[in-house]
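This report walks through a few local features of a single chain, beginning with a loop and moving on to a helix pair and an internal space. Please keep the structure open beside the text while reading.

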Amino acid sequence: MNANPNDLQKPLQDSPQEPKPSLLALCLNTIFCLTLCPIFCVGCCCACCLSATNSAVQKAQGKRYDSKQHRWIIDNLSEEAKVLEGVPDDDDDILKIANEAEDAENDQKEDETGGETQKSSVMDTTYYDALGVTPDSDEKKIKRAYYVNARKWHPDKNNSDEAKEKFQKIGEAYQVLSDKKLRAIYDKKGEAGLSGDKTEVSLNAVDPSLIFTFLFGSDAFTDIVGRLQLVTQTMAGDSKDAKGTQIGVKEMKELELRRVVRLALKLAERIQPYVEGDEEGAHTRWEEEATRLVEVRYGQEILNTVGRTYRLVATQCVGTWKEGAEAQISEQEVQVDAVKKAVLGAQKMHGEEGGEDALPSFIEIMWNVTVIDITSTLREVVMKVVMDNSAPKKERNKRAEAIKKLGVVFEQKKSLDETRDQRSVRGLYQSAAAAAMEETLKKMRETEQNIL
């Protein structure tokens with residue numbers, strides 16, 4: 001059966017978006033978008049228009065119901081891959097972040113020529129001077145200046161004797177000035193007014209695009225789970241189109257659909273050797289990959305979640321009716337459990353945000369949002385690979401079998417790190433922050449090379 005072009009994903013148009021909320025609000029909003037909203041929409045569709053007869057007709061036409069798009073679709077990876085041709089991997093056509101470094105350099109030049117009128121309003125300007133900004137600079141300008149200076153003085157790029165010291169000072173300055181509470185104390189009392197440990201930033205000041213991804217697996221899982229939705233939402237909140245309008249719901253939907261297609265293509269590629277008959281070789285490569293992934297930050301938790309989702313969704317495709325029904329129930333229980341834990345964590349954090357005791361609850365919320373995101377996204381990824389209309393039915397069945405076995409490998413893999421259970425939440429968080437800084441510098445170096 002040939003895919004109807006109207007059923008394939010097309011680029012979407014602009015629409016307005018609400019102002020950027022706090023990080024905690026983003027977490028809760030993500031939970032709603034990933035679970036409650038789809039459930040509500042599916043329920044309405046089932047009650048109002050998707051009768052059993054209509055459902056049977058849609059399935060007879062080779063369609064399936066996509067819970068992210070909330071409509072019946074025909075999967076055709078070959079055609080969908082063509083739609084992605086020419087689309088930047090970082091989705092810069094929507095997120096508009098490629099000019100960040102260039103804009104930052106322009107901002108810094110303006111500050112350097114802007115005079116000394118603001119220096120008298122604060123106790124100490126050492127941190128501002130380290131970033132090359134004035135005390136009246138807004139958060140965005142400080143962030144941009146940090147990117148530029150950190151890239152300039154990173155030891156990997158700058159071999160001078162002073163590079164390491166300057167790089168550390170830049171990082172310290174950004175930690176303070178990017179946090180509203182610490183910045184206010186610094187402006188009033190100077191560096192002497194700050195505690196020795198300047199890493200205790202308020203949770204609302206945390207930039208998920210710099211830390212969230214690194215806390216849960218770094219870049220190691222990019223080809224498996226993609227860019228997490230909370231990170232995308234944060235990046236979208238900082239992005240505007242050519243008219244200065246923040247990107248909206250339709251653009252966010254487009255980004256998620258791109259994510260699903262990219263991950264489906266990667267998954268199909270990962271299992272292809274098995275599909276072609278090299279079952280032993282494929283299994284060996286999966287084991288090697290799992291052994292590597294399980295040792296990264298939160299690697300075991302993410303890998304096991306991915307594996308369980310692969311296994312459960314694939315079982316619904318190739319298992320018996322009873323096996324499929326049980327797998328579907330188990331899959332739903334995972335999401336319901338994650339939603340409950342995230343909501344309970346939010347309730348526990350209420351009135352404690354920014355406090356030291358709030359960090360464990362905050363991380364727990366972020367982890368459960370990650371679980372919801374991964375499971376809901378990978379469901380669509382697996383279904384797209386198994387229901388791919390461009391592949392023969394025999395090959396699709398073989399794909400489902402391969403995904404199920406890959407899932408078992410990922411789900412059962414355990415870390416060999418004997419100290420793993422002794423890790424502190426705070427230590428993991430600070431480690432993620434350091435990794436986020438390094439990755440930011442790497443990306444900014446790449447951006448600089450593209451500009452030049």
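## A loop residue, a helix pair and a cavity

In the loop that joins helix 3 (77-84) to helix 4 (92-95) sits D91, a residue of a model that is predicted. Although D91 is not a glycine, its phi is positive, at about 60 degrees. Most residues other than glycine have a negative phi. Is D91 buried or exposed? With a relative accessible area of 1%, D91 falls under the 20% limit and is therefore buried.

The chain around this loop contains 19 helices and two strands. Of its 452 residues, 48% are buried. Among the contacts in the chain with a separation of 6 or more, 77% are accounted for by residues that lie 24 or more positions apart.

Two packed helices are described by the angle between their axes and the distance between the axes. For helix 13 (residues 249-275) and helix 18 (residues 393-412), the axes come within 9 Å and cross at roughly 100 degrees. Because angles of 65 to 115 degrees count as roughly perpendicular, that description applies to helix 13 and helix 18. On the side of helix 13 the contact is made by L267, R270, I271, Q272, Y274 and V275, while helix 18 contributes E395, K398, R399, E401, A402, I403, K405 and L406. By class, the residues of this contact between helix 13 and helix 18 divide into seven nonpolar, one polar and six charged.

Rolling a probe the size of a water molecule over the atoms shows where empty space is left. In this structure there are two cavities of 30 Å³ or more, and the second largest cavity has a volume of about 30 Å³. Which residues line the second largest cavity? Its lining consists of R308, T309, L312, E331, V334 and T375, and these residues divide into two nonpolar, two polar and two charged. Helix 15 (299-318) and helix 16 (321-349) each supply at least two residues of this lining, with helix 15 giving the most, namely three residues.

The table sets the residue classes of the helix contact beside those of the cavity lining.

| Group of residues | Nonpolar | Polar | Charged |
|---|---|---|---|
| Contact of helix 13 with helix 18 | seven residues | one residue | six residues |
| Lining of the second largest cavity | two residues | two residues | two residues |

Key: Residues are numbered from 1 along each chain as its sequence is written. This is a predicted model: local features need pLDDT of at least 70, side-chain atom pairs count only at pLDDT 80 or more; totals for chains, interfaces and linings use all residues. Side-chain values use heavy atoms; hydrogens and water are left out. On a 1 Å grid over the protein atoms alone, a cavity is a set of points where a 1.4 Å probe fits but cannot get out, and a pocket is an open set with protein on both sides within 12 Å along at least five of seven lines; lining residues have an atom within 4 Å of a point. Grid points are joined across faces, edges and corners, and a volume is the space filled by probe spheres set on the points. Helices (H or I, at least four residues) and strands (E, at least two) are DSSP runs, numbered from the N terminus. Ala, Val, Leu, Ile, Met, Phe, Trp, Tyr, Cys and Pro count as nonpolar, Asp, Glu, Lys and Arg as charged, and the others, Gly among them, as polar. Axes are lines fitted to C-alpha atoms, for helices over the stretch in contact, and angles run from 0 to 180 degrees between N-to-C directions. Angles under 35 degrees count as roughly parallel, over 145 as roughly antiparallel, 65 to 115 as roughly perpendicular and the rest as oblique. Contact means heavy atoms within 4.5 Å. Buried means under 20% relative accessible area, exposed over 50%, partly exposed in between (1.4 Å probe, protein chains only).
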